[in-house]
Amino acid sequence: MTVSKMTWRPQYRSSKFRHVFGKAATKESCYDGVPITRSVQDNNFCAVNPRFLAVITECAGGGAFLVLSVHHTGKVDPHQPRVSGHRGNVLDIKWNPFNDYCIASCSEDTTVKVWDIPPHGVLKNLTVPWKDLQGHSRRVGLVEWHPTANNILFSTAYDYKVMIWNLDCPEQVIKNPVRTISHHTDVVLSMSFSTDGSLLATTCKDRRVRLMESHSGNLLREANSKTHKASKVLILGNMKMLLTSGTSRWNDRQIALWDQDDLSVPLLEDNLDGSSGVIFPFYDPDTHMLYLAGKGDGNIRYYEISSEKPYIHFLTEYRSHLPQKGMGVMPKRGLDVSSCEVFRFYKLVTIKGLIEPLSMIVPRRSESYQEDIYPMTAGNKPALTSEEWLSGIDKGPVLMSLKPGSHVAEPYSELTKGSGNLLDSRRSQSRPGMLQLAYIQEQLGTKDRKEGNGLTEGDKSWMPVSNGEDLALCSPPRTENELLLKFHKQQDEIRRLRELLNQRDVRITQLELEIKNIKNIQPQSSL
């Protein structure tokens with residue numbers, strides 16, 4: 001197989017994402033005054049979900065990170081309480097994909113800790129974790145949650161081992177992982193899962209790309225290219241391809257595409273530029289778009305991936321004069337579908353102590369929901385329990401619709417057993433004037449479930465969430481611009497409700513006419 005080089009001659013092809021553009025948030029919508037860590041680790045240092053934003057901070061003595069509500073933008077209090085239970089610098093943080101109140105962190109103190117964040121955020125310094133994982137012998141550099149199994153966590157450290165942890169156990173301190181993978185001969189630089197979590201891909205400082213079974217750790221295939229030194233790896237959804245970013249033989253920044261079933265030679269290699277910062281790749285399996293953000297760069301390149309040659313199609317790039325140290329990514333269920341937002345970064349700008357949200361938007365004139373750019377996507381419900389996954393079962397993610405009005409399950413009460421944090425009843429009370437369609441439908445659905453199934457109050461584990469925004473956790477507007485934004489959002493919701501009522505009125509009229517016709521037909525047939 002020969003390695004094909006990419007050419008940038010203009011190719012005219014039909015694509016609904018050709019005109020995607022990046023829109024940086026206004027200053028009022030940024031997070032200012034954040035003491036972002038000065039660590040030289042090549043990680044993202046930031047993790048986001050529809051409720052909270054977490055960022056690793058610089059601190060003296062031990063390690064800490066901040067947890068902020070995504071809606072509390074503006075100047076951050078310098079005395080904001082932190083999560084500060086580590087004895088060494090925190091190197092990586094990741095939110096549990098099935099529980100918006102659970103976050104894992106790893107540190108130079110050789111431990112991995114899993115934290116329960118209170119429903120209203122961190123109001124005082126948090127020092128006692130929910131779980132303390134003590135198995136590595138050297139500093140832990142990366143953590144990753146399994147994409148479909150509940151409470152399964154992977155960690156890798158400078159002892160060259162990848163450890164698999166089962167958090168569904170009664171012990172608060174866990175010293176023995178359920179499995180240890182020991183194929184690597186040097187530090188693991190990145191990890192990536194397939195869509196159903198059955199495969200795990202890693203890059204290592206020994207230049208090799210490894211593909212293995214996530215259950216057993218059995219090594220399936222290994223790549224060792226002399227022309228490409230990989231630092232980050234992604235499994236590209238269900239396209240049976242891997243993408244790596246790294247450097248070429250001449251130290252140019254480079255990306256390479258690999259056939260998942262044959263890692264002997266890359267399908268494609270492309271040199272980007274001669275800069276030195278690590279390239280962070282991000283892939284959206286719903287739109288097949290690839291984003292490349294370089295550490296220390298101000299720009300973000302984005303491409304469209306196809307299963308046929310030339311595989312990668314350059315779209316355009318977002319340019320900014322502010323260099324990024326790391327990037328957080330909002331899950332799809334937290335995007336604003338009313339503005340056709342298909343991806344959202346949270347850009348860490350160290351020189352200004354700033355976290356800047358950056359939305360990637362598909363320009364559309366219509367204000368209605370665009371189903372063609374929002375297919376069913378991975379939701380926040382696990383497909384497997386930890387016991388099922390450990391027994392060898394694999395399942396794809398539980399899918400959900402992003403259409404406004406389709407409710408999102410609130411997994412907090414189901415998944416944090418034994419954590420000691422109970423939901424405050426005030427969270428189910430929405431503010432006057434902020435009642436949304438999702439909440440109305442949820443209340444009707446809850447009533448129907450109670451009447452039809454005889455459920456009790458304790459069985460309810462649903463919360464009103466619309467486009468990732470918890471109605472009870474919305475902060476009051478602090479500036480005139482925020483007030484106007486809230487007003488316009490409220491008007492949009494009122495318009496949607498009116499449209500829904502008009503549709504139902506039309507349907508009622510149609511049914512009434514059908515009933516009249518049936519009644520008129522019946523007497524004639526009896527004669």
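Let me start with one pair of residues: Thr247 has Arg253 in strand S24 as its bridge partner. That pair belongs to the antiparallel pairing of S23 with S24, which spans residues 253-259, and seven bridges join the two strands. Before going further I should say that this is a predicted model, with a pLDDT that averages 84 over the protein chain and reaches at least 70 for 83% of the residues.

Staying with S23, its other partner is strand S22, residues 228-235, and here too the strands run antiparallel and are joined by seven bridges. Within that pairing, Ile235 stands opposite Leu242 of S23. How buried is strand S23 itself? Seven of the eight residues in this strand, which covers residues 241-248, are buried, so S23 is largely enclosed by the rest of the structure.

The two hairpins on either side of S23 can be described together. The hairpin of S22 and S23 has five residues between the strands, and in it Gly237 takes a positive phi near 55°. The hairpin of S23 and S24 has four residues between the strands, and there it is Asn251 that takes a positive phi, near 70°.

Just before S22 comes a residue that I would like to spend a moment on, Ser225, which is placed in the loop between S21 and S22. Ser225 is buried, with a relative accessible area of 8%. Which side chain does the side chain of Ser225 meet in a polar contact? The partner is Thr227, at 3.2 Å, while a polar atom of the Ser225 side chain also lies 3.4 Å from the backbone nitrogen of His228. Leaving aside residues up to four places away in sequence, Ser225 touches Arg207, Trp258 and Glu269.

On the other side of that loop we come to an open sheet of four strands, in the order S18-S19-S20-S21, with antiparallel pairing. The edges are held by strand S18, 188-193, and strand S21, 219-223, each of which has a single partner strand, so that one side of each is left without a neighbour in the sheet. From one strand to the next, the twist averages 20°. To take one pairing from this sheet, S18 and strand S19, residues 199-204, are antiparallel over five bridges, and Met191 has Thr202 in S19 as its bridge partner.

Let me move along the chain to strand S28, residues 300-305, where six of the six residues are buried. In a regular strand the side chains alternate between the two faces of the sheet, and in S28 both faces are covered, with Ile300, Tyr302 and Glu304 buried on one side and Arg301, Tyr303 and Ile305 buried on the other.

S28 also has pairings with two strands that I can describe. Strand S27, residues 289-294, runs antiparallel to S28 and is joined to it by five bridges, with Leu290 opposite Tyr303. Strand S29, residues 312-318, is likewise antiparallel to S28, joined by six bridges, and here Ile300 stands opposite Tyr318. As for the turns, the hairpin of S27 and S28 has five residues between the strands, with Gly296 at a positive phi near 85°, whereas the hairpin of S28 and S29 has six, with Tyr311 in the turn at a positive phi of about 70°.

Now to the nonpolar cores. Which residues have the most contacts inside the largest nonpolar core? They are Tyr31, Leu53, Phe65, Val67 and Ile117, in a core of 33 residues. The elements that give two or more residues to this core are strands S4 (46-48), S5 (52-57), S6 (63-69), S9 (90-95) and S31 (341-349), and S5 gives the most, with five residues. There is also a second, separate core of 25 residues, which includes Met289, Tyr302, Phe343 and Met400.

I will finish with a caution about two stretches. Over residues 408-441 the pLDDT stays under 50, and the model has 82 contacts beyond four places in sequence for them. Over residues 446-469 the pLDDT is below 50 as well, and this stretch has 44 contacts in the model beyond near neighbours in sequence. Where pLDDT is low, the predicted coordinates should not be read in detail.

Methods
Residues numbered from 1 in each chain as written. Predicted model: local features only at pLDDT ≥ 70, side-chain atom pairs only at ≥ 80, totals over all residues. Heavy atoms only, no water. Buried < 20%, exposed > 50% of the residue type's maximum accessible area, 1.4 Å probe, protein only. Pairing = 2+ DSSP bridges. Axes fitted to C-alpha atoms, helices over the stretch in contact; angles between N-to-C directions. Core = buried A, V, L, I, M, F, W, Y, C linked by side-chain atoms within 4.5 Å. Polar contact = N/O pair within 3.5 Å; in protein donor to acceptor, adjacent residues only side chain to side chain. Contact = heavy atoms within 4.5 Å. pLDDT = per-residue confidence, 0-100.
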